[in-house]
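Q: I am new to this structure and would love a close look at a single part of it. Could you walk me through the place where the ligand sits, and then show me what lies around it?

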Amino acid sequence: MNTLIKSLAGLGLGAALTLTAGSALAAGGGGCGTFTNAEGVEEHLACSTAPIDFTNKGSLQNGAKIFMNYCAGCHSAQYVRHSRIAKDLEIPPELVEKYLMVTTDQIGDHINAEIDPEVQASWFGAAPPDLSLETRLRGDDWVYTYLLSFYEDPSRPWGANNLVLANAAISCIA
Ligand code: HEC
């Protein structure tokens with residue numbers, strides 16, 4: 001599981017999306033949240049560094065595969081076209097069509113979860129945000145740390161919580 005998350009955070013978002021839609025140099029500056037420890041003391045969570053290697057094409061491709069198979073069912077990436085992933089990650093278009101297009105059969109289409117965000121909000125408690133510019137907004141390390149920071153919390157509606165995004169509606173890595 002840890003490997004999955006690592007490649008995903010380092011690649012699925014940090015690369016597949018930053019490569020196609022933004023800059024990988026987003027400032028993560030603000031740290032990764034605060035939480036209250038078992039003694040009731042507020043602690044600051046340092047961000048972990050996302051292990052992104054833009055020269056490792058196979059790993060980047062794997063990240064795209066993970067993103068499309070595990071995340072794109074809930075999250076759109078409305079500014080990213082499937083064809084752009086094929087181009088940037090050097091994946092033959094026919095393989096993108098076969099393995100990476102889950103909600104459309106047109107390679108020029110943007111990544112769209114094709115579910116009404118309001119309906120999703122009524123299921124999960126919050127709508128899954130569009131992730132096109134997520135790493136630009138939050139920084140690679142924030143996203144990476146977020147994905148590593150889910151924990152079980154029976155007091156939450158879906159039984160999970162997150163150290164970085166307190167009271168996150170749902171676990172993204174279930
Ligand atoms: C079952 C639906 C679902 C799946 C699958 C899912 N997510 Fe999420 N995700 C959500 C929801 C809902 C939120 C909003 C949480 C909130 O704001 O409380 C969210 C929030 C996020 C955020 C934080 C956005 C922000 O800046 O606040 C990131 C990053 C994210 N998801 C990435 C991913 C990745 C990467 C995957 C694939 C491993 C994934 N998600 C899979 C539903 C999902």
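A: Here is a walk through the ligand site, followed by a few contacts elsewhere in the chain.

Please keep in mind that this is a predicted model. To get your bearings, the protein chain has 7 helices and 6 strands. Reading from the N terminus, these elements follow the order α-β-β-α-β-α-α-β-α-α-α-β-β. Of the 174 residues in the chain, 41% are buried.

Let us begin at the metal. The ligand carries an iron atom, and two residues of the protein coordinate this iron: His-75 through its NE2 atom and Cys-172 through its SG atom, at 1.9 to 2.2 Å. The iron has 6 donor atoms, and the angles among them run from 88 to 178 degrees, so the site is octahedral, since six donors count that way if opposite ones are over 155 degrees apart and all others between 65 and 115. As a yardstick, ideal angles for six octahedral donors are 90 or 180 degrees.

Where do His-75 and Cys-172 lie along the chain? His-75 is in the loop between helix 2 (57-71) and strand 3 (77-81), while Cys-172 belongs to the segment after strand 6 (160-162), so the pair ties together parts that are 97 residues apart in sequence. The two residues can also be described by their accessibility. His-75 counts as buried because its relative accessibility is 11%, under the 20% cut-off. Cys-172, at 33%, counts as partly exposed.

Now step back from the iron and take in the ligand with its surroundings. The shell around the ligand holds 22 residues, and the closest are Cys-71, Cys-74, His-75, Glu-134 and Cys-172. By type, the shell divides into 19 nonpolar residues, 1 polar residue and 2 charged ones.

Some polar atoms of the protein also come close to polar atoms of the ligand. His-75 appears again here, with a polar side-chain atom 2.8 Å from a nitrogen atom of the ligand. In the side chain of Arg-138, an N or O atom is 2.7 Å from an oxygen atom of the ligand. Ala-169 takes part through its backbone instead, where an N or O atom lies 2.7 Å from a ligand oxygen. As for the elements behind this shell, those giving two or more residues are helix 1 (2-21), helix 2, helix 6 (134-138) and helix 7 (140-148). Helix 7 provides the largest share, with 3 residues.

Two names from the ligand site meet again in a contact with each other. The side chains of Glu-134 and Arg-138 form a salt bridge, with N and O 3.9 Å apart. Both belong to helix 6, and because they are 4 residues apart there, about one helical turn separates them. Glu-134 is buried at 12% relative accessibility, whereas Arg-138 is partly exposed at 32%. In general, side chains of opposite charge can pair when their charged atoms come close.

How many salt bridges are there in the count? The count comes to 3. Another of them joins Asp-88 to Arg-84, with the closest N and O atoms 3.1 Å apart. These two residues are 4 apart in helix 3, so about one helical turn lies between them. Asp-88 is buried, with a relative accessible area of 16%, and Arg-84 is partly exposed at 34%.

There is also a salt bridge between Glu-90 and Lys-57, whose closest N and O atoms are 3.4 Å apart. Glu-90 sits in the loop between helix 3 (82-88) and helix 4 (93-100), and Lys-57 is in helix 2, so this pair ties together parts that are 33 residues apart in sequence. Glu-90 is exposed at 55% relative accessibility, and Lys-57 is partly exposed at 28%.

Back in helix 7, have a look at Thr-145. Thr-145 is buried, with a relative accessible area of 3%. A polar atom of its side chain lies 2.8 Å from the backbone nitrogen of Ser-48.

One last stop is Ala-126, in the loop between helix 5 (117-124) and helix 6. At 35% relative accessibility, Ala-126 is partly exposed. Its C-alpha atom is 8.3 Å from the C-alpha atom of Ile-170, although the two residues are 44 apart along the chain.

Key:
Residues numbered from 1 in each chain as written. Predicted model: local features only at pLDDT ≥ 70, side-chain atom pairs only at ≥ 80, totals over all residues. Heavy atoms only, no water. Donors = N, O, S within 2.8 Å, 3.2 Å for Na, K, Ca; no water. Tetrahedral: all angles 85-135°; square planar, octahedral: opposite > 155°, others 65-115°. Buried < 20%, exposed > 50% of the residue type's maximum accessible area, 1.4 Å probe, protein only. Near = heavy atom within 4 Å. Polar contact = N/O pair within 3.5 Å; in protein donor to acceptor, adjacent residues only side chain to side chain. Nonpolar A, V, L, I, M, F, W, Y, C, P; charged D, E, K, R; others polar. Salt bridge = Lys/Arg side-chain N within 4 Å of Asp/Glu carboxyl O.
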